[in-house]
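User: I am new to this structure and would like to be taken through it step by step. Could we start with the surroundings of the ligand?

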Amino acid sequence: MKGIFITVEGAEGSGKTSLIQGILPLLKERSNAFIITTREPGGIPLAERIRNVILDVQSKEMDEKTESLLFAASRREHLMKKILPALKDGKIVITDRFVDSSLAYQGVGRGLGIETIANLNTFVTDDLEPDLTLYLDILPEEGLARIQQNRANEINRLDLSGLEFHQKVHAGYLKIAKDNPKRVVVIDAQQPLTKVIEDCFEVIVHRFPKLFKIN
Ligand code: TYD
């Protein structure tokens, strides 16, 4: 595989989407590589349909394992139809969420266990790991306050889970970062967005110096 696979992770309200929108033009300015951005759950029509089922507030009674399997199914389609072909073509792929979301939300938040969810995802990804993960760290209270303020964004079924759930997810992310220090870089998402973009930009450019011109 010739491309580069970068994932962006973090809780709701951590600013992943704004980061990706903000960083894309900066990266394009410094590189001749083709860069695509995508998101999970979703990214392609079939996976977007699965996304609607998972995140629908009507799906309240969904079992945790069913939820994990739907995220996994959506991920497999997205990986096979969009991410892998782009990587094979030598592109840089930046995705908003990937396996770490399942480890943090279903593994720790829902209490199914990181190892169980990691095993399920090994089946899904055939062991493909991101080259770099930017984890945007924010305290759960702060993240939840941000999404409440910004109601223009959709509020989904997982956003409606209580603070305790989001605290578990946060602890899950910190454990993943600690256990994968080479792959995962922790970014302080409580800083202003411009600083978050700057920090992430520096990490990417220095991690892949052959692809980006360094001023
Ligand atoms: P989304 O609207 O994309 O939220 P955000 O903007 O915060 O990324 O909704 C995705 C939701 O799905 C979010 O609450 C996290 C959750 N999720 C999981 O629980 N497991 C997963 O594997 C993935 C990819 C997402």
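User: How do the residues of the shell around the ligand divide into nonpolar, polar and charged?

Analyst: This is a predicted model. In the shell around the ligand, seven residues are charged, five are nonpolar and four are polar.

User: And which residues come nearest to the ligand?

Analyst: There are 16 residues around the ligand, and those that come nearest are E12, K16, R97, S102 and Q106.

User: Which atom of the ligand does S102 approach, then?

Analyst: S102 has a polar side-chain atom 2.5 Å from an oxygen atom of the ligand. For E12, a polar side-chain atom is 2.6 Å from an oxygen atom of the ligand. With Q106, the partner is a nitrogen atom of the ligand, and a polar side-chain atom of Q106 lies 2.8 Å from it.

User: How much of the ligand's accessible area does the protein cover?

Analyst: On its own the ligand has 550 Å² of accessible area, and the protein covers 91% of that.

User: Which elements give two or more residues to the shell?

Analyst: Those elements are α2, residues 45-55, α3, residues 64-88, and α4, residues 99-109. The largest share comes from α4, with four residues.

User: Let us stay with the helices. At what angle do α3 and α4 pack?

Analyst: The angle between α3 and α4 is about 175 degrees, and their axes are 11 Å apart. Because angles over 145 degrees count as roughly antiparallel, α3 is roughly antiparallel to α4.

User: Which residues make that contact?

Analyst: From α3, the contact is made by E67, S68, F71 and R75, and from α4 by V99, S102 and Q106. By class, this contact of α3 with α4 has three polar, two nonpolar and two charged residues. S102 and Q106 were also named among the residues that come nearest to the ligand.

User: Changing topic to the backbone: is the peptide bond from E40 to P41 cis or trans?

Analyst: The peptide bond from E40 to P41 is cis, and its omega is near -10 degrees. P41 is placed in the loop between β2, residues 35-39, and α2.

User: What about R97, is its phi positive or negative?

Analyst: R97 has a positive phi, about 80 degrees, although R97 is not a glycine.

User: Where is R97 found?

Analyst: R97 is in the loop between β3, residues 92-96, and α4. R97 is also one of the residues that come nearest to the ligand.

Methods. Residues are numbered from 1 along each chain as its sequence is written. This is a predicted model: local features need pLDDT of at least 70, side-chain atom pairs count only at pLDDT 80 or more; totals for chains, interfaces and linings use all residues. Side-chain values use heavy atoms; hydrogens and water are left out. A residue is near a molecule or strand if one of its heavy atoms lies within 4 Å of it. A polar contact is a pair of N or O atoms within 3.5 Å; within protein, one must be able to donate a hydrogen and the other to accept it, and residues adjacent in sequence count only if both atoms are side-chain atoms. Accessible areas come from the Shrake-Rupley method with a 1.4 Å probe; for residues, only the protein chains shown count as cover. Ala, Val, Leu, Ile, Met, Phe, Trp, Tyr, Cys and Pro count as nonpolar, Asp, Glu, Lys and Arg as charged, and the others, Gly among them, as polar. Axes are lines fitted to C-alpha atoms, for helices over the stretch in contact, and angles run from 0 to 180 degrees between N-to-C directions. Angles under 35 degrees count as roughly parallel, over 145 as roughly antiparallel, 65 to 115 as roughly perpendicular and the rest as oblique. Contact means heavy atoms within 4.5 Å.
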